[in-house]
Amino acid sequence: MYPLDYIQPVFRPPSEARSLILQVSNGCSWNNCTFCDMYTAPQKKFTVKPIAEIEQELLALANDGYPVDRVFLADGDAMTLSVRRLTEILTTIKQHYPNVRRVSAYCLPRNLKNKSVAELTTLRELGLDYMYVGCETGDDELLGLIEKGEDYQSSLSALKKIKQAGMTSSVMILNGIGGPNYSAQHAKNSARLMNEAQPNFLSMLVLELPNGDQRFAKNFKGQWRKLNQSELFEEMRSFISQLELDKTIFRSDHASNYLVLKGTLGKDKAKLLEILDTAINKPGLIPLREEWQRGL
């Protein structure tokens, strides 16, 4: 929709389909997660776009009459930018599109380590009010194996800062990331993290390795395999059964999911568990996505 000169590939959350994808940085500054191949191409080496180029893009869009209601700050690691640079970007957005309702971004927990709640509150007041946080798991052993560069406490600290700043958090947990040997502790500790953090939104995506599992599996030293469909449902059931959430919107409707689940936790917990029990114990009764319908 928007005629911008992106450094491809560009990724965005499904819910940002109608947003202006504003590429304020390229790639990911961490880029070591073994499950992620999104930014491994040579042209995706992490760089920061000059503010003058960002302003030129926004000015061109405004002058050409392109409507902008929401903005997503790409690429995968925009929140690593300094508060000063983010302030410049948000001020520039406001200058050219004063009626933008929401600005959002992916957020690695480490991105917020040196940002105070007061600074995040200021960014929210400038329009940046929605953070997509890929926690992947709450299990420290697994976080080490997938080279996430985070631990339980760093993830929890970031999510608490987001909440304290009045921002909205949307957390992603990866179904199947530990294989069969780590499934139980993955479900248990991920649920524990979510119970402490109480995010606004929570989604469970299925681990997908489109470029093969060699890079991902090497740290498991032969102790990992992909979960089959039933095992994925069992793990999701274990995770949801241990959640004690007050008012979190839950989704498993990403393109990677076999089983689409939607509800609010905790009021819909029993209903979601009932659907999972049916999918596990009575195969064929619950509609599932076919393999050709799934993807990233």
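**Close-up views of a predicted model**

**View 1. Strands line the largest pocket.** β5 (102-107), β6, β7, β8 and β9 (248-251) each put at least two residues into the lining of the largest pocket. The whole model is predicted, so keep that in mind for every view here. β8 is the top contributor, giving six residues to that lining. The pocket itself has a volume of about 1,200 Å³. A total of 49 residues line it, and the closest to its centre are Met38, Tyr106, Met172, Leu205 and His254.

**View 2. Here's helix α6 and what packs over it.** α6 has 15 residues and runs 21 Å from its first C-alpha to its last, close to the 21 Å expected at 1.5 Å a residue. Quite a list of its residues is buried, including Ser183, His186, Ala187 and Leu193. What hides them? The cover includes the strands β6 (128-136), β7 (168-175) and β8 (201-206), along with the helices α4 (140-145), α5 (152-164) and α8 (229-241). Just after α6 comes Gln198, which takes a positive phi of about 50°.

**View 3. Zoom in on Met194, a residue of helix α6 (residues 183-197).** Is Met194 buried or exposed? Met194 has a relative accessible area of 0%, so it counts as buried. Leaving out residues up to four places away in sequence, Met194 touches Leu159, Val171, Ile173, Pro199, Leu202, Phe239, Leu243 and Leu245. You can also look across to Thr248: it sits 54 residues from Met194 along the chain, and their C-alpha atoms are separated by 9.6 Å.

**View 4. Asn189 is another residue to find in helix α6.** Asn189 counts as buried because its relative accessibility is 14%, and the cut-off is under 20%. Which residues does Asn189 touch, not counting those up to four places away in sequence? They are Gly138, Asp139 and Tyr152.

**View 5. Now for the nonpolar cores.** In soluble globular proteins, nonpolar side chains tend to be buried together. The largest nonpolar core in this model has 66 residues, and those with the most contacts inside it are Leu73, Ile93, Leu128, Met194 and Phe239. Apart from that core lies another, of 27 residues, with Cys33, Ala74, Tyr130 and Leu174 among them. Back in the largest core, pick out Ile93: it touches Leu22, Leu58, Val71, Leu73, Pro98, Val100 and Val103, if you skip residues up to four places away in sequence.

**View 6. Time to check the cysteines.** How many disulfides are there? The count comes to zero. Take Cys33: the nearest cysteine sulfur belongs to Cys36 and is 6.4 Å away, so with a cut-off of 2.5 Å Cys33 is in no disulfide. Cys107 is in no disulfide either, and its nearest cysteine sulfur, that of Cys135, is 9.3 Å away. Both residues are tucked inside: Cys33 is buried with a relative accessible area of 10%, and Cys107 is buried with 2%.

**View 7. Last stop: Asp268, in the loop between β10 (262-265) and α9 (269-281).** Even though it is in a loop, Asp268 is buried, with a relative accessible area of 13%. Where is Asp69 compared with Asp268? The two are 199 residues apart in sequence and, C-alpha to C-alpha, 31 Å apart in space.

Definitions and conventions
Residues are numbered from 1 along each chain as its sequence is written. This is a predicted model: local features need pLDDT of at least 70, side-chain atom pairs count only at pLDDT 80 or more; totals for chains, interfaces and linings use all residues. Side-chain values use heavy atoms; hydrogens and water are left out. Helices (H or I, at least four residues) and strands (E, at least two) are DSSP runs, numbered from the N terminus. Buried means under 20% relative accessible area, exposed over 50%, partly exposed in between (1.4 Å probe, protein chains only). Contact means heavy atoms within 4.5 Å. The expected span of a helix is 1.5 Å times one less than its number of residues. A nonpolar core is a set of buried Ala, Val, Leu, Ile, Met, Phe, Trp, Tyr and Cys residues joined through side-chain atoms within 4.5 Å. On a 1 Å grid over the protein atoms alone, a cavity is a set of points where a 1.4 Å probe fits but cannot get out, and a pocket is an open set with protein on both sides within 12 Å along at least five of seven lines; lining residues have an atom within 4 Å of a point. Grid points are joined across faces, edges and corners, and a volume is the space filled by probe spheres set on the points.
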